[in-house]
Amino acid sequence: MRTYTVVLSPDQESGGYSVSVPALPGAISEGDTREQALANIREAMEGWLEIALEEGYDGLVETPELILEDVAFIFGWRTEEGWPLLVETALVSVAVPVPA
């Protein structure tokens, strides 16, 4: 199992959540609820890791700076939209697939 920090951003228009994984570039998802967003990102993370590990890539090293960079990006976007600067982080654990 591996555990990653994810960043959840509530959507002011839909009431749902967007979620990203700073250490897994491009691993993003969404959900109508926080719980659904976390379940969806877990599935995206598993798929991301499966493909990346087959290609010999293991993701980025998770650091506070990497997480801050993602949060800063989201804050910039939320500022442009006039939305409150509100995000949440959570830890999500996923099974690491074994490359074939």
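This briefing describes two helices, a pocket and several individual residues of the structure shown above. The model is a predicted one. Helix 1 covers residues 34-54, and helix 2 covers residues 64-81. In each case the buried residues line one face, within an arc of 110° for helix 1 and within an arc of 135° for helix 2. The largest pocket has a volume of about 250 Å³, and helix 2 gives the most to its lining.

**Helix 1**

- Helix 1 comprises 21 residues, which at 1.5 Å a residue should span 30 Å; the C-alpha atoms at its ends are 30 Å apart, in agreement with that expectation.
- Its buried residues are Ala37, Leu38, Ile41, Met45, Trp48, Leu49, Ala52 and Leu53. Viewed down the helix axis, these buried residues fall within an arc of 110°, and they therefore line one face of helix 1.
- Glu43 and Ile51 are exposed on the other side of helix 1.
- The cover over the buried residues of helix 1 includes strand 1, strand 2, strand 3 and strand 4.
- After helix 1 comes glycine 56, which has a positive phi, near 85°.

**Helix 2**

- Helix 2 has 18 residues, and the distance from its first C-alpha to its last is 26 Å, close to the 26 Å expected at 1.5 Å a residue.
- Leu66, Ile67, Asp70, Val71, Ile74 and Arg78 are the buried residues of helix 2. Seen down the axis, they fall within an arc of 135°, so they line one face of the helix.
- The face turned away from this buried side carries the exposed residues Glu65, Leu68, Glu69, Phe73 and Glu80.
- Strand 1 (2-10) and strand 2 (17-20) are included in what covers the buried residues of helix 2.
- Glycine 82 follows helix 2, and its phi is positive, near 75°.

**The largest pocket**

- The lining of the largest pocket consists of 15 residues, of which Ser9, Ser18, Val19, Phe73 and Ile74 lie nearest the centre.
- Of these residues near the centre, Ile74 is buried in helix 2, whereas Phe73 is exposed on the face turned away from the buried side.
- At least two lining residues come from each of strand 1, strand 2, strand 3 (28-31) and helix 2. Helix 2 supplies five residues, the most of any contributor.
- By residue class, the lining divides into eight nonpolar, four polar and three charged residues.

**Residues in the strands**

- Threonine 5 lies in strand 1. Its relative accessibility is 10%, and threonine 5 therefore counts as buried, the cut-off being under 20%.
- Beyond its neighbours within four places in sequence, threonine 5 is in contact with Ser20, Val21, Pro22, Glu62, Ile67, Thr89, Ala90 and Leu91. One of these partners, Ile67, is a buried residue of helix 2.
- Glycine 31 has its place in strand 3 and, at 10% relative accessibility, also counts as buried.
- Leaving aside neighbours within four places in sequence, glycine 31 is in contact with Gly16, Tyr17, Gln36, Ala37 and Asn40. Among them, Ala37 is a buried residue of helix 1.
- Glycine 31 and serine 14 are 17 residues apart in sequence, and their C-alpha atoms are 9.8 Å apart in space.

**Leucine 24, a loop residue**

- Leucine 24 is found in the loop between strand 2 and strand 3. Leucine 24 is buried, with a relative accessible area of 0%.
- Apart from neighbours within four places in sequence, its contacts are Tyr4, Met45, Trp48, Leu49 and Gly59. Met45, Trp48 and Leu49 are among the buried residues of helix 1.
- The C-alpha atoms of leucine 24 and glutamate 54 are separated by 15 Å, with their positions 30 residues apart along the chain.

**Phenylalanine 75 and leucine 85**

- Phenylalanine 75 lies in helix 2 and is partly exposed, with a relative accessible area of 26%.
- Leaving aside neighbours within four places in sequence, phenylalanine 75 is in contact with Leu85, Leu86 and Val87. The C-alpha atoms of phenylalanine 75 and valine 87, 12 residues apart along the chain, are 8.2 Å from each other.
- Leucine 85 is found in the loop between helix 2 and strand 4 (88-94).
- Not counting residues up to four places away in sequence, leucine 85 touches Phe75, Arg78 and Thr79. Of these, Arg78 is a buried residue of helix 2.
- Leucine 85 and alanine 37 are 48 residues apart in sequence and 19 Å apart in space, C-alpha to C-alpha.

Key
Residues are numbered from 1 along each chain as its sequence is written. This is a predicted model: local features need pLDDT of at least 70, side-chain atom pairs count only at pLDDT 80 or more; totals for chains, interfaces and linings use all residues. Side-chain values use heavy atoms; hydrogens and water are left out. Helices (H or I, at least four residues) and strands (E, at least two) are DSSP runs, numbered from the N terminus. The expected span of a helix is 1.5 Å times one less than its number of residues. Buried means under 20% relative accessible area, exposed over 50%, partly exposed in between (1.4 Å probe, protein chains only). The arc is that of the directions from the helix axis to the C-beta atoms. Contact means heavy atoms within 4.5 Å. On a 1 Å grid over the protein atoms alone, a cavity is a set of points where a 1.4 Å probe fits but cannot get out, and a pocket is an open set with protein on both sides within 12 Å along at least five of seven lines; lining residues have an atom within 4 Å of a point. Grid points are joined across faces, edges and corners, and a volume is the space filled by probe spheres set on the points. Ala, Val, Leu, Ile, Met, Phe, Trp, Tyr, Cys and Pro count as nonpolar, Asp, Glu, Lys and Arg as charged, and the others, Gly among them, as polar.
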